[in-house]
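Open the model in your viewer and keep the selection tool ready. We will go stop by stop.

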Amino acid sequence: MNIHSIKGMRDILPAETRLWQFIESAARDIFEKFGYREIRTPILEETSLFQKGIGEGTDIVNKEMYTFVDRGKRSLTMRPEGTAPIARSYLENNLAQDGFVSLYYMGPMFRSERPQKGRSRQFHQIGIEAIGSSSPYVDTSAIQMMVYLFRRLNLKDFKIKLCSLGCADDKQKLAAELRKYLSPEKNRLCDDCKVRLEKNILRTLDCKVDSCRALLRNSPKARDFLCNSCRSHYSTVKKMLGEMGTGYVEDVNMVRGLDYYTNTVFEVTHPGLGAQDAIAAGGRYDDLIKDFGGKAAGAFGFAIGVERLLMAISAEGNLVVPDNKTDVYIATTSENVRLEALKASTMLIEEGICCEMNFEERSLKSQMRQAGKKNVLFTVIFGDEELKRNEVVLRDMRTGEQANIKLDELAQKIKGGI
Ligand code: HAM
């Protein structure tokens, strides 16, 4: 076949899905215990949602969105992230009625970036959004919850990097100072930063080009422009994290690739990853709900990149998730017995026994070989003669012993031996 999966998008195969399910169910369990409830938003949204939410001058909106015009001539975009859709849903469905809402989500996101290790075009996030509070307790509790999840997954070597960008006014002051600082150096900036200088200057702080990074090393920093209230919010978060035993390092140069952030921002990195080393990231976005036309509502959230989390887990090698094992294999000697065998396999499954059956015309020898390969505990052989007496042959694969037993005693016998 000459049809392949799309570059940067890959299948998650049965050998891997066990681990995915384990991570997802650990996240569900922990988030639900913290009072978060799941939300599922559509993959497709109006393009303007992301332009407005993430920001016109960001790389995601400028270069990375999968956007197309549908048959109704509407511009639609495959979600590159979950925060803007959830803010939309919060307003559209009047979730504010419930006061503080804490939501979690998991699913695929799409960004048309150049694929490399840890970066794909379809990737998956597990994230949370807590909307309706500006309290620093929310920041701290959400970060704690994430750490709790990482611990459940036996992950140890991650590092939390923390910063505060301040409120919209503080960000404006930073932008003005940065403009003063960079304008005389305009010619030394890369082409992208020349545009950023005019359109969205804070994005220059995000530039990966060495010459720009060197220029920005001594540039004005967000921390120098925090107002009293933002300063106090930030120190409270730091103090509480410290008192709860959650280690972090401050990173004064952190800017996030999305415009909606205010106040606390953070990233979690892991040494097992390479250049794309952020396994999770997030922060506060106190103005987004208001900017979308709602009543001002403080909000905090984060998203974990599942593929990167898996890379970190495998780099540490401390998480072993056992696969589901088939307990019983049902072999059949002729077409005459196959329907009875199918009924019996359904009955065993209803009893909670993991059971597979042969549907094909194959010799008993080859079926026994198959059972051996599957490493099952028991094989049940349905033979014509035995079935006439309502019996089957039950073979214990560990000892090699076998005996004829009544069909209606099968489940009980197997359960006793598992
Ligand atoms: P983000 O930093 O763009 O934030 O993405 C969060 C995480 O998703 C990253 O740290 C990384 O692990 C993963 N990720 C991002 N892009 C890719 C990619 N191309 N390939 C593989 N993994 C990737 C957000 O998306 C925000 N919505 C987080 C947030 C929630 N902030 C507040 N609430």
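This is a predicted model. Begin with the sulfurs. Select Cys163 and Cys230. The sulfur of Cys230 is the closest cysteine sulfur to that of Cys163, yet it lies 12 Å away, too far for a bond. Cys163 itself is buried, at a relative accessible area of 5%.

Now select Cys190 and Cys193. How far is the sulfur of Cys190 from the closest cysteine sulfur, in Cys193? The separation is 3.8 Å, which is too far for a bond, because a disulfide needs the two sulfurs within 2.5 Å. Cys190 is also buried, with 16% relative accessible area. Across the whole structure, the search finds 0 disulfides.

**Strand E5 and its partners**

Select residues 101-110. This is strand E5, and 10 of its 10 residues are buried. Add residues 122-131, strand E6. E5 and E6 pair antiparallel, over 10 bridges. Then add residues 37-38, strand E1. Here the pairing with E5 is parallel, over 2 bridges.

Centre on Tyr104 in E5. What stands opposite Tyr104 in each partner? Glu38 stands opposite Tyr104, and in E6 the bridge partner of Tyr104 is Ile128. Show the backbone hydrogen bonds while you are here: strands of a sheet pair through them, either parallel or antiparallel.

**The cavity**

Next, go inside. How many cavities of 30 Å³ or more does the structure hold? There is 1. The largest cavity holds about 60 Å³ of space. To find it, select the lining: Leu165, Leu174, Leu205, Pro220, Lys221, Ala222, Val252, Asn253, Met254 and Val255.

**A pocket and helix H6**

Move to the second largest pocket. Its space comes to about 470 Å³. There are 25 lining residues; select Lys171, Leu202, Asp259, Tyr260 and Tyr261, which lie nearest the centre of this pocket.

Which helix gives the most to the lining of this pocket? Helix H6 does, with 5 residues. Select residues 168-182 to see H6; helix H2 (47-54) and helix H10 (288-291) are also worth colouring, since each of the three supplies at least two lining residues.

Stay on H6 and pick Gln172, which sits in this helix. Is Gln172 buried or exposed? Gln172 counts as exposed, at 58% relative accessibility. Now draw a distance from the C-alpha of Gln172 to that of Glu386. The two atoms are separated by 84 Å, and the residues are 214 apart along the chain.

**The mixed sheet**

Last stop. Colour strands E12 to E16. These 5 strands form an open sheet with mixed pairing, in the order E13-E12-E14-E15-E16. Select 355-357 (E13) and 402-406 (E16). Each of these strands has a single partner, so one side of each is left without a neighbour in the sheet. On average, neighbouring strands of this sheet are turned by 25° against each other, direction ignored.

Zoom in on E12 (residues 328-332) and E14 (residues 378-382). The two run parallel, joined by 5 bridges. Label Tyr329 and Thr379: Thr379, in E14, is the bridge partner of Tyr329.

Finally, select residues 364-373. This is helix H13, which packs on the sheet and touches E12, E14 and strand E15 (391-396). The direction of H13 makes about 170° with that of E12.

Methods:
Residues numbered from 1 in each chain as written. Predicted model: local features only at pLDDT ≥ 70, side-chain atom pairs only at ≥ 80, totals over all residues. Heavy atoms only, no water. Buried < 20%, exposed > 50% of the residue type's maximum accessible area, 1.4 Å probe, protein only. Pairing = 2+ DSSP bridges. Helix = DSSP H or I, 4+ residues; strand = E, 2+ residues; numbered from the N terminus. Axes fitted to C-alpha atoms, helices over the stretch in contact; angles between N-to-C directions. Contact = heavy atoms within 4.5 Å. 1 Å grid on protein atoms, 1.4 Å probe; cavity = no way out; pocket = protein on both sides within 12 Å on 5 of 7 lines; lining within 4 Å. Points joined across faces, edges and corners; volume = space filled by probe spheres on them.
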